[in-house]
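User: Could you take me through some local features of this model?

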Amino acid sequence: MQQIAEHYAKPIHGELGGSFARVNDFNHKFFLRWGKIDFEMFHGEQVNLKVILKVYRQHNVCETYVIDTDAYDIKWNSHRRRTRDFYIHPFSNSFGIINCVKFSFLVHKDERSIASEKDYIFMDWRQLHSDADTPQYREINGLHSTQNYYRTYELQAHELQSDVDWINHHFESLHLVPKFTKGQPNHPYHPKRYIHDLIDKVIHNKHEFQDKLCTIKVSVDCIDDADFASHLIHASEQGVFVQCLVDWRKMTMTNSDNYARLKRAGVELLGVVCSPDHHLIEVEPDMHTKFIIFNDEDCILGSFNITFDRWWANWESGMTFHSQGMCRLLDNIFQSQRGGVIQRYGVDPFSQFNLLYTFGRHTMQSGENYLPHHAILAEINRANHSIKISLFLIGELLGNYNDSVICALINAKNRGVYVHILFNGHLARQGKIGIERSMEEELNRPLLPVIERLRNSGVIVGLVYGQDDHAVPYSPIHSKYCVIDDYIVIDGSFNWYNTSVFSHDLVVIAANHEVAKPYLYEFEQIQQSFRIY
């Protein structure tokens with residue numbers, strides 16, 4: 001008998017809260033309503049569940065979201081689960097009003113995901129268009145349920161383990177190339193050029209082998225870029241299977257036409273809802289990974305969103321790879337973000353290369369997970385003579401034993417390690433960001449306490465600003481890299497504060513002198529190109 005998620009879980013009821021206002025990065029106001037769904041689970045809490053929310057609007061448009069759940073009322077053979085808060089935008093400028101909100105669900109059991117047979121109604125037209133200030137409640141049942149066609153996919157753990165072992169015996173097989181934006185989007189070595197060249201490569205491959213499944217998988221916080229959206233749509237029209245995962249806010253709270261064009265073109269576009277509750281979280285976590293996989297043989301990752309239209313002047317960093325093994329490791333992350341079960345494999349913290357994901361299941365010999373913040377602290381603590389860092393943001397990032405990245409950097413300096421950090425100057429200070437003020441007023445803003453501590457301890461701290469004054473003070477630094485002892489590189493999407501531990505983020509640790517050289521050059525070039533305070 002075919003397994004269905006309904007054998008393991010039953011949706012009980014849904015709640016829809018009243019309307020409230022939120023603003024996006026452009027200070028545009030959106031009126032949203034929060035929602036929750038509860039489930040009865042027929043097994044212990046080791047059985048997980050994810051929800052696929054489907055918001056149907058006018059003109060046959062469906063917006064799809066992936067939502068995590070948390071366990072409560074836990075017993076040995078049963079428990080309940082509730083979705084983390086998700087948010088519905090009742091009226092979209094691009095697609096109008098909502099007709100209905102449905103959902104399916106995925107049960108995670110025995111390392112595999114099992115889809116529900118049915119899509120269930122979360123809220124119907126009447127409830128969605130009742131008084132916006134009146135909360136709605138609905139008992140979930142099979143009335144008007146329809147067939148669920150959403151499916152997930154898992155990779156093979158043994159194959160991922162083989163990839164990790166091979167890479168660490170054959171580092172050169174990664175064909176790793178560092179990439180830097182340098183505020184020059186039209187430069188031939190800019191990541192933008194690489195991305196568009198690789199999209200064309202996949203299209204060409206589809207033309208050459210028409211029966212082959214050719215794919216582009218995008219997992220990037222924000223992809224609000226006209227050239228990128230147009231090229232993905234063209235690839236889709238040429239028969240390439242294009243899938244995009246973005247943070248739910250970027251897809252929902254936007255008036256941009258780029259997301260709307262992707263939806264109209266039938267490209268799979270999913271909003272990932274990341275809204276855990278934890279006392280260490282400084283700001284709202286998000287789906288913050290930034291990687292693209294091209295045809296399962298080429299990939300790129302780094303600090304950059306695909307927003308080159310808007311943030312072209314930023315200085316960012318990343319890496320490209322021509323490696324099927326690396327693509328599989330990233331695909332393991334991608335498929336889990338779509339709702340599948342992330343696969344477990346072993347890693348060695350002392351190996352030449354590691355790819356680490358905040359919700360990954362990469363375990364050390366002890367059986368404990370080895371995660372991005374563990375690696376950052378471990379590498380700093382092992383530094384022998386130098387640590388050079390370029391960071392968008394830093395906070396009191398904590399390890400498993402309440403050890404702090406700030407303390408680790410200060411301790412490194414105190415044991416004789418040369419520690420030099422370049423920060424985004426605008427974000428290194430207290431007070432409201434993104435508002436107009438003179439440069440004199442900007443420089444009089446007090447430093448964040450953690451940065452003040454670093455400076456007072458004798459760590460060399462540079463606050464980077466652009467060469468020219470702007471109405472809103474601007475720093476080009478959005479990178480998140482570190483070079484230790486001139487050969488160990490840490491890079492990725494992970495900002496060095498506690499929120500990143502609860503966001504979808506990743507880092508690469510690569511111990512290789514040739515990889516480190518362009519990072520060291522970039523570090524010096526920043527100091528020569530910008531104002532440092």
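Analyst: The following covers a histidine, a helix and a helix pair. The model is predicted, with local features needing pLDDT of at least 70, side-chain atom pairs counting only at pLDDT 80 or more, and totals for chains, interfaces and linings using all residues. Residues are numbered from 1 along each chain as its sequence is written, and side-chain values use heavy atoms, with hydrogens and water left out.

User: Is His362 buried or exposed?

Analyst: His362 is buried, at a relative accessible area of 2% (buried means under 20%, exposed over 50%, partly exposed in between, with a 1.4 Å probe and protein chains only).

User: What does the side chain of His362 reach at 2.9 Å?

Analyst: That is the backbone nitrogen of Tyr357. A polar atom of the His362 side chain also lies 2.8 Å from the backbone oxygen of Tyr370.

User: Turning to helix 4, which of its residues are buried?

Analyst: Phe228, Ala229, His231, Leu232, Ile233 and Ala235 are buried in helix 4, which spans residues 226-237. At its N-terminal end, Asp225 acts as a cap, with a side-chain oxygen 3.3 Å from the backbone nitrogen of Asp227.

User: And what follows just after helix 4?

Analyst: Gly239, which takes a positive phi of about 100 degrees.

User: How do the axes of helix 8 and helix 9 cross?

Analyst: The axes of helix 8 (residues 372-382) and helix 9 (residues 405-414) cross at roughly 10 degrees and come within 9 Å. The two helices are therefore roughly parallel to each other (angles under 35 degrees count as roughly parallel, over 145 as roughly antiparallel, 65 to 115 as roughly perpendicular and the rest as oblique).

Terms used: Axes fitted to C-alpha atoms, helices over the stretch in contact; angles between N-to-C directions. Helix = DSSP H or I, 4+ residues; strand = E, 2+ residues; numbered from the N terminus. Expected span 1.5 Å × (residues − 1). Polar contact = N/O pair within 3.5 Å; in protein donor to acceptor, adjacent residues only side chain to side chain.
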